[in-house]
Every structure is written in structure tokens, then in C-alpha cells.
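Trainee: Got a minute to go through this chain with me? I'd like to start with the strand pairing.
Mentor: Go ahead and put it up.

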Amino acid sequence: MLSALDEGRTPERSVFREAVRTLLAVLAERAPGRSVEVRVPPYGAIQCVPGPRHTRGNPPNVVEMSPETWLALALGRIDWAQAVTDGRVQVSGVRADLSAFLPL
């Protein structure tokens with residue numbers, strides 16, 4: 001899968017989905033909590049990071065990115081700050097900085 005991404009190709013959908021979901025689960029395990037929602041459409045979303053729990057409406061702390069960006073961040077292929085600066089990661093809220101938890 002990584003070689004496909006490195007070559008600019010899209011990996012097989014089921015493999016891509018499983019990789020994204022597995023790494024999201026690892027993040028949820030390493031940063032347990034419900035104060036930040038991490039979204040990687042169309043494959044998954046989790047809540048993580050200790051702090052105040054969100055229960056209704058749009059969460060105040062949201063991180064959203066493409067599957068390609070998520071894999072690159074999780075595997076240490078790109079830096080969190082640079083991905084945010086480049087607009088590859090959209091963040092909102094004071095707790096939406098995942099740099100302490102990445103790479104996985």
C-alpha cells in the first residue's frame with residue numbers, strides 16, 4: 001500500500017480503508033478520551049484526547065484530513081506542523097493539536 005502511495009497511485013480501497021481504521025484505533029488507544037474528533041473521510045472518525053467530553057452538535061475540537069495525509073502523519077512521513085501549515089490538515093478548537101501523539 002505504501003509503495004502505491006509513493007508512486008502516486010491509489011491503493012486498493014479495502015486495504016486503504018483498513019490501514020486508516022487501524023491507525024485511527026491506535027491513536028484512540030494511545031490518546032484515550034473524547035475531547036477531539038479526528039475525521040478521515042470516507043473511512044473513519046474517532047474521538048480521542050483527554051479533556052472535556054463532547055456530547056451534542058458539532059464538536060468544538062475537530063481534526064480532519066484526507067486518508068493519504070492521515071497515513072503519512074501516523075507513519076511519520078510528514079510533520080504535523082507542516083501538514084497544518086500546508087492546509088493538508090484542517091483543525092479547529094484549542095485541543096486539536098495532535099503533534100504530541102504523532103507519529104504512531
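Trainee: Which residue in E3 does Glu37 stand opposite?
Mentor: Glu37 stands opposite Val62 in E3. Keep in mind that this is a predicted model.

Trainee: And in E2, what is the bridge partner of Glu37?
Mentor: Gln47 is the partner there. Glu37 therefore has a partner in E2 and another residue facing it in E3, going by the DSSP strands.

Trainee: How do E1 and E3 run, parallel or antiparallel?
Mentor: E1 and E3, the latter covering residues 62-65, are parallel, with 3 bridges between them. Val38 has Val63 as its bridge partner in E3.

Trainee: What about E1 and E2, parallel or antiparallel?
Mentor: Antiparallel, over 5 bridges, with E2 at residues 44-48. The two strands make a hairpin, and 3 residues lie between them.

Trainee: Back to Val62. What does it stand opposite in E4?
Mentor: Ser92. E4 is residues 89-92, and 4 bridges tie it to E3 in the antiparallel sense.

Trainee: Is E1 mostly covered or mostly open?
Mentor: Mostly covered. E1 spans residues 36-40, and 4 of those 5 residues are buried. Across the 104 residues of the chain, the buried share is 36%.

Trainee: Zooming out, how many helices and strands are there?
Mentor: The chain has 4 helices and 4 strands.

Trainee: What pattern do they follow along the sequence?
Mentor: It reads α-α-β-β-β-α-α-β.

Trainee: Overall size, then. What does the C-alpha trace span along its principal axes?
Mentor: About 40 × 25 × 25 Å.

Trainee: Why would the radius of gyration agree with a compact globule?
Mentor: Because a compact globule of 104 residues would have a value near 13 Å, and the chain has 13 Å.

Trainee: Contacts next. Of those between residues at least 6 apart in sequence, what share joins residues at least 24 apart?
Mentor: That share is 52%.

Trainee: And the surface? How much does the chain expose?
Mentor: About 5,800 Å², of which carbon and sulfur atoms supply 49%.

Trainee: Last one, charges. How many positive and negative side chains?
Mentor: There are 12 positive and 11 negative ones. The centre of the positive set and the centre of the negative set are 9 Å apart.

Trainee: Fine. So for my notes on the strands?
Mentor: Write down that E1 pairs with E2 in the antiparallel sense and with E3 in the parallel sense. Then add that E3 and E4 run antiparallel.

Conventions: Residues numbered from 1 in each chain as written. Predicted model: local features only at pLDDT ≥ 70, side-chain atom pairs only at ≥ 80, totals over all residues. Heavy atoms only, no water. Rg over C-alpha atoms; globule rule 2.2 N^0.38 Å. Buried < 20%, exposed > 50% of the residue type's maximum accessible area, 1.4 Å probe, protein only. Contact = heavy atoms within 4.5 Å. Areas by Shrake-Rupley, 256 points an atom, 1.4 Å probe, with all protein chains shown as cover. Lys, Arg positive; Asp, Glu negative; His and termini not counted. Charge placed at Lys NZ, Arg CZ, Asp CG, Glu CD. Pairing = 2+ DSSP bridges.
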